[in-house]
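Open the structure in your viewer and keep the selection panel handy. We'll go chain by chain, then contact by contact.

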Number of protein chains: 6
Amino acid sequence: MSAGKRPARAAATKKVATKRASAKPAAKAPDRVKEFGEFRRRMNERILEHDNQVVRRFFALDTQTYKAGALDLKTKELLGLVASMVLRCDDCISYHIAQCRDAGVNRDEFFEAFSVGLVVGGSIVIPHLRRAVDFLDQIETAPA
Amino acid sequence: MSAGKRPARAAATKKVATKRASAKPAAKAPDRVKEFGEFRRRMNERILEHDNQVVRRFFALDTQTYKAGALDLKTKELLGLVASMVLRCDDCISYHIAQCRDAGVNRDEFFEAFSVGLVVGGSIVIPHLRRAVDFLDQIETAPA
Amino acid sequence: MSAGKRPARAAATKKVATKRASAKPAAKAPDRVKEFGEFRRRMNERILEHDNQVVRRFFALDTQTYKAGALDLKTKELLGLVASMVLRCDDCISYHIAQCRDAGVNRDEFFEAFSVGLVVGGSIVIPHLRRAVDFLDQIETAPA
Amino acid sequence: MSAGKRPARAAATKKVATKRASAKPAAKAPDRVKEFGEFRRRMNERILEHDNQVVRRFFALDTQTYKAGALDLKTKELLGLVASMVLRCDDCISYHIAQCRDAGVNRDEFFEAFSVGLVVGGSIVIPHLRRAVDFLDQIETAPA
Amino acid sequence: MSAGKRPARAAATKKVATKRASAKPAAKAPDRVKEFGEFRRRMNERILEHDNQVVRRFFALDTQTYKAGALDLKTKELLGLVASMVLRCDDCISYHIAQCRDAGVNRDEFFEAFSVGLVVGGSIVIPHLRRAVDFLDQIETAPA
Amino acid sequence: MSAGKRPARAAATKKVATKRASAKPAAKAPDRVKEFGEFRRRMNERILEHDNQVVRRFFALDTQTYKAGALDLKTKELLGLVASMVLRCDDCISYHIAQCRDAGVNRDEFFEAFSVGLVVGGSIVIPHLRRAVDFLDQIETAPA
């Protein structure tokens, strides 16, 4: 009996209960997603209104980094997502999940990107993976 | 007058006040511990119900890692705890504190493991140590 | 049109709206700052009351580290702040911001220190920078 | 005069000298690349010949992670490369550069992946970027 | 055909060749181990001869951390080893491997500690695991 | 007998022997310092000659970060040094040590900056501190 099979079966037997459980976060999901976006926007403004050229240029460079070039937008956002996962930055993960979704990344592709982050970064990534999947569930159930 | 003695004395003079202070978190402790466990369980199910074999195998491997072998369960959980501390992952720390406690780790042993994490990882570990001790206080006061 | 100029202009056009937005956190700011300080104090006591000499000595050494010597207090606190930023520890950042402010660090100096942390540590530092500026805003609006 | 233009010009004026300089490492390049591969192979065997199931399964899982699935091989190797860059692991970077090259990643694509790693991970990534480009130069000049 | 079985078999078929391969590093092993120890000793002296009380106290505290107490020496050294692995510090890993060996840790126990470091820290730990096993091989073949 | 006093005394008794020992690295020091500088220069050129605007801008921004402003050059280089120490990047540490020395940082100030890096980052910083002090010794004995 291989360890690899155990969680698959466990998941199968729990699927019904989970379906209901997973419906729960959707209730207050739009608020959490909205709140995250608002704090982000407000603080970016606070930071950029201060006259520090290095900080402003860094923010501009950060935006420029993900523009389509030799690599397309989707690939670049996936790179940003996995980099954020292995560095274990929840806000960065949430941000890139939203960007990836806009770029057309589907759930199977998300989980393959997650699997790279998990194997490269180790079990220490798991708590961030939980919040990543929770965030993904929330934006999928949020009204457009 | 060595620096090493100062905090010991400071702690001594504050002991009475602290006893009362430390009783406070117990009030809502079971809820926080319970909430942490529920989110953990729910999201693990969400993650494992998606058909990604690498992710599922990683979760199975993670469980297998702490099984008693050449090293006993208690030692392995302590290794997981200190690894989590120096990587500064609060959820992982909480999880391994609970596992260590089930494996019979007492408060003196916890603090010696904490001391290794603190010295190896530096003062940056202190905020996580605070939350670790807070969590330990909570599970110790929680009804079995 | 250089990327460096874009955020500056964006910030300029948003300045009026931001001024109002930035007044918001001040409302509940003293509470958050106070809450952070109280948890910190209470848990430090809990930690130091346990008879573990390595942990106690580490806490004493941590305090000793920032005493004025060949480098003055202000420089040392700035070193602590930037080290905390690149290691991405929010509590440590908040603590050193408060200490830096007491040592006379002004907003321009804070942003230059932030810029070093941002460039050395990368965009992964941005979420912590947001919370750092939010905390700085809060202690600046809090009654002495 | 923007900072963004300065390095571009500096690079331009130095191009001739650099062309010659960059030819240098190629001389002993195959040896270094070969040496790296041999140590890697030999130690993997040493590790896997020990009867530890968790370690063996982890190595197998690591291999499985980069198999084409919902995301193609090239994308997955790029994810592994950028994750390795921001975690600053030279051997992992070298390994994924070689894998990426086999998967058809060209020099422009490499530099865009590097740019994501650099901006996410910060200037601390620069020394690893230097060794990454050095390794890329070496495998490009090595006989097939 | 599970991925978990593949490396085990691969290792089995390569065992004979590896036995010879693994004998190689032993040739110059004592020198490398000796060189590491000498640089370590010389630089520790250089560091401690400078009159900086914080640095000196930190070094003393570091030594004190691994003294037997509620946890025995062997457990504490294993904690130091795994903490060093997940933080990916080769010198620290080598140091604790030597200390663990003196404390009686056998090869099976080493590999179980390695497995915790590998699963917690991820594939990024693998290059350090290679050097760890190489170092372990070297001190095992070095004359006492 | 406090642990804090032990290393101080140990250092005192070993001072004579160390003086001779510390003279050793100076022999081949200029070469190592020179080699480091040459690889750095050559690879920077290789990197900047590739037409990637994000990478070029990042390098320009990195240079701009340490220009004197609200904080003077010396303070900024010290910030860069301590950030590099806690992130454990040997090349970055060497670079900032050289820059700090040009900015007038003396040995006492270096050790106080090191002490902040050590306490914040933990014992995991020690191997990097050894190499930092070795590099400092080398540039101090190198002909101007």
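The stops below start with one chain and then move out to its partners. Keep in mind throughout that this is a predicted model.

**Stop 1: chain A alone**

Select chain A, hide the rest and switch to cartoon. What does the pattern look like along the sequence of chain A? Reading along it, you get α-α-α-α-α-α-α-α: eight helices and zero strands. Now colour the chain by burial. Of the 144 residues in chain A, 48% count as buried. If you have a contact map to hand, look away from the diagonal: among contacts in chain A with a separation of 6 or more, 65% are between residues 24 or more positions apart.

**Stop 2: chain A with chain D**

Bring chain D back and select the residues on each side of the contact. You should pick up 24 residues from chain D and 24 residues from chain A. Which helices of chain D each supply at least two residues to the side that touches chain A? Highlight α4 (53-65), α5 (73-86) and α7 (107-121) of chain D. Then zoom in on α7(D), which gives the largest share of that side, with nine residues. Colour the side of chain D that touches chain A by residue class, and you'll find 13 nonpolar, six polar and five charged residues.

Next, try superposing the two chains. A turn of 180° with a shift of 0.0 Å along the axis lays chain D on chain A, at an RMSD of 0.0 Å. The copies meet through the same surface, because 100% of the interface residues of chain D are also interface residues in chain A.

**Stop 3: chain A with chain F**

Hide chain D and show chain F. Here six residues of chain A are in contact with six residues of chain F. On the chain A side, colouring by class gives three nonpolar, two polar and one charged residues.

Superpose again: chain A goes onto chain F by a rotation of 180°, with 0.0 Å of shift along its axis and an RMSD of 0.0 Å. The two copies are therefore related as by a two-fold rotation axis. Which residue of chain A has the C-alpha nearest that axis? Select A:Phe58, whose C-alpha is 4.0 Å from the axis. As a last check, compare the contact residues on both sides: 100% of those in chain A recur in chain F, and the same surface serves both copies.

Terms used. Residues numbered from 1 in each chain as written. Chains lettered and ligands numbered in written order. Predicted model: local features only at pLDDT ≥ 70, side-chain atom pairs only at ≥ 80, totals over all residues. Helix = DSSP H or I, 4+ residues; strand = E, 2+ residues; numbered from the N terminus. Buried ≥ 20, exposed ≤ 12 C-beta atoms within 10 Å, placed from the backbone. Contact = placed C-beta atoms within 7 Å. Nonpolar A, V, L, I, M, F, W, Y, C, P; charged D, E, K, R; others polar. Least-squares fit on C-alpha atoms with pLDDT ≥ 70 in both.
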